[in-house]
Amino acid sequence: MNSDCKFLDQAPRFLFFTGKGGVGKTSIACASALELADAGKQVLLVSTDPASNVGQVFGIDIGNQITAIPAVSGLAALEIDPQAAAQAYRDRIVGPVRGVLPDSIVKGIEEQLSGACTTEIAAFDEFTALLVNSDLTAGYDHIVFDTAPTGHTIRLLQLPGAWSGFLEQGKGDASCLGPLAGLEKQRSQYKAALDALADPQRSRLILVARAQASTLREVARTHEELNTIGLSQQYLVVNGILPESETAQDPLASAIYQREQNALTDIPAAVSGLPTDCIELKPFNLVGLMALRQLLSKSTPLSTSDNEVIPAIPAANLSTLVDEIAADGHGLVMLMGKGGVGKTTLAAALAVELARRGLPVHLTTSDPAANLTDTLNGALPELAVSKIDPHAETERYRQHVLSTKGAKLDEQGRALLEEDLRSPCTEEIAVFQAFSRIIREAGKKFVVMDTAPTGHTLLLLDATGAYHREVARQMGDSKQHFTTPMMQLQNPHQTKVLIVTLAETTPVLEAAHLQNDLRRAGIEPWAWVINNSVAATTVHSALLRQRAANELPEIAEVADRHAQRYALVPLLREEPTGVERLLALAGGQSPSPLVPTDHKGEG
Amino acid sequence: MTSIQIFDPALCCSTGVCGVEVDQQLVGFAADVDWAKQNGADIERFNLAQTPLAFAENPVVKAFLERSGADALPLILVDGEVALAGRYPNRTELARWAAISVAEQPSPSGCCSGSSCC
């Protein structure tokens, strides 16, 4: 081995890399597979990254079948497209009834099967075959996955109820198993796959994170969740750490370095004991064998392209968006996006900027780590802040349902209801219910929310709304006025949805998926916000300038292909907490380093 | 044995806990089905979102869907014939179809299982 990475030391047969989009799972998986192959092993690399660039990395087309990599002896690769897998899965269920049942009904069924669970389960279905002994994989010493099933998927497959009669008899009376209904593999195969996952002799799970407090917290949650369900062999990789050598004469780089080092020092206790590797930020794109072979090694050759001029980016800042939002005088502003992209901070910045203009604002957050209530409450006369704790809300919702709707059930009926209330939808609904109490205020003031249900959940919620309207109609109760949450969200005069992302490939792609999801639900996102952009700052460090250059095509992608309007928010030296810094983030008050124009002549 | 088939609308969960408000009728009915099965009834539930083929392959159900649409579900067949449509049966009705004796069993799921009295 030419690297000293702990996670590759005495590697078992299966290696799984897990972490949120954009942390570099695929690059590290590629580099690991390459290193194992270079050490003389037979290796199969499996990618389920929706933005899979494994083919690009190795310079050949791979696709949905095992393909040998000609340039590397002993290495083969396979790309699984989760969206395509989900589509194939929907086709299996819906295909036979298309043209047989009325079109509107077929469309409704497809929508039910369009949730994130379906995609995840369908992808797992695809790689189950690779985890069990078969001729397909017999020749490989190692199988490296750039993804791992989530705790939710594993629990779903472990549910005893999932198997009792469901797959064997094909009878649909197990509840909350929509995504499982169309699975074609046998129970024994799933069981073997789950056993392989939980066996430390065979499987190693590598958590990939960045040196950011929020990402590390998320990784700690993943660790605990997967640990409780038996995946005990876990390693941690912190990727993309800014080396100290970059901090000379660059205040932003120094601040980032300091922030990252602090995050590493304060690493959550749950993961601090794991065998950990740190990988430094590299100045080059991770494409090609040369680059990959250097990813896991310590010494980095200096980039030669530091003198490239970063072109200016003409983009709005948050304050420009606030101008338009403020014009309506009231309304609901929802920030949507994956965890860790900065929804809470941006929601706070928008709320503070609206309040500064003398508009009444209610900011509400569901981030358990946000202490906005303490920092902001009372700080501005027009600003009210409330906090929703997802766990507490979910528990309260469960108890509420059990004690009202379940009050008259016998013990068995109650147990059945309790099991259904453990469904993944429950938290999303519980949190949304808590929010919907606040949403009503949006008729008079501004309500800014840092979280929102997915398009799929909204459609489920609306199905119920439609049902209630129907019941009311049948009962001749015409006086009652029904406005479902969905109707409010679809109305652009009442609601503005802002999609938050980072200027990196996978996060932009994930945000585009979210946008499609919302469009299916009849909601047109009003704007995109690209957060933590290095390209929107002035930097001298060669590494950061390379990162800024890498952002440009992603920003262009958002501007040209996805967003009606967008704002670019620069990476800041300090965490934007407190009113002053949040106002600066919005860009309305202090002059912001919005457009990097002064790069010429640097070296 | 009498066969009871329930053709549900497209549901995420058969107890309806995934809706914006949990549907009391679905909660009660799920418990009633469970109870009837414990008492030996032969009941199958088909969710339109999960097993649409079961709807398409049954001529009675297919004709019902074509005539009345998915909004008119649920549809309940007893031994293949339409027994009820548009609402869920209550425990008494299930018991009658399945020939379960309910003399000493005053519907523990309450007044509203399947009916619209509350």
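A trainee and a mentor talk through a predicted model with chains A and B.

Mentor: Residues are numbered from 1 along each chain as its sequence is written, while chains are lettered from A and ligands numbered from 1 in the order written. As the model is predicted, local features need pLDDT of at least 70, side-chain atom pairs count only at pLDDT 80 or more, and totals for chains, interfaces and linings use all residues.

Trainee: What is the mean pLDDT of chain A?

Mentor: pLDDT is the predictor's confidence in each residue, from 0 to 100. Chain A has a mean of 79. In chain A, 79% of the residues reach 70 or more.

Trainee: Where in chain A is confidence lowest, and where highest?

Mentor: Helices (H or I, at least four residues) and strands (E, at least two) are DSSP runs, numbered from the N terminus. Confidence is lowest in helix α8 (residues 166–169) of chain A, with a mean of 38. Strand β5 (residues 142–145) of chain A is highest, at 96. Over residues 160–182 of chain A the pLDDT is below 50. Where pLDDT is low, the predicted coordinates should not be read in detail.

Trainee: How many helices and strands does each chain have?

Mentor: Chain A has 24 helices and 15 strands. Chain B has four helices and four strands. Along the sequence, chain B reads β-α-β-α-α-β-β-α.

Trainee: How do you know that the span of helix α1 of chain A agrees with the expected one?

Mentor: The expected span is 1.5 Å times one less than the number of residues. Helix α1 (residues 25–38) of chain A has 14 residues, so it should span 20 Å. Its end C-alpha atoms are 20 Å apart, which agrees.

Trainee: Why is α15(A) called largely enclosed?

Mentor: A residue is buried if 20 or more other C-beta atoms lie within 10 Å of its own, exposed if 12 or fewer, and partly exposed in between; C-beta atoms are placed from the backbone. In α15(A), 13 of the 14 residues are buried, so the rest of the structure largely encloses this helix. α1(A) is mostly covered, with 13 of its 14 residues buried.

Trainee: What follows each of these helices?

Mentor: A:G40 follows α1(A), with a positive phi near 95°. A:G358 follows α15(A), with a positive phi near 85°.

Trainee: What share of each chain is buried?

Mentor: In chain A, 50% of the 603 residues are buried. In chain B, 52% of the 118 residues count as buried.

Notes
Contact = placed C-beta atoms within 7 Å.
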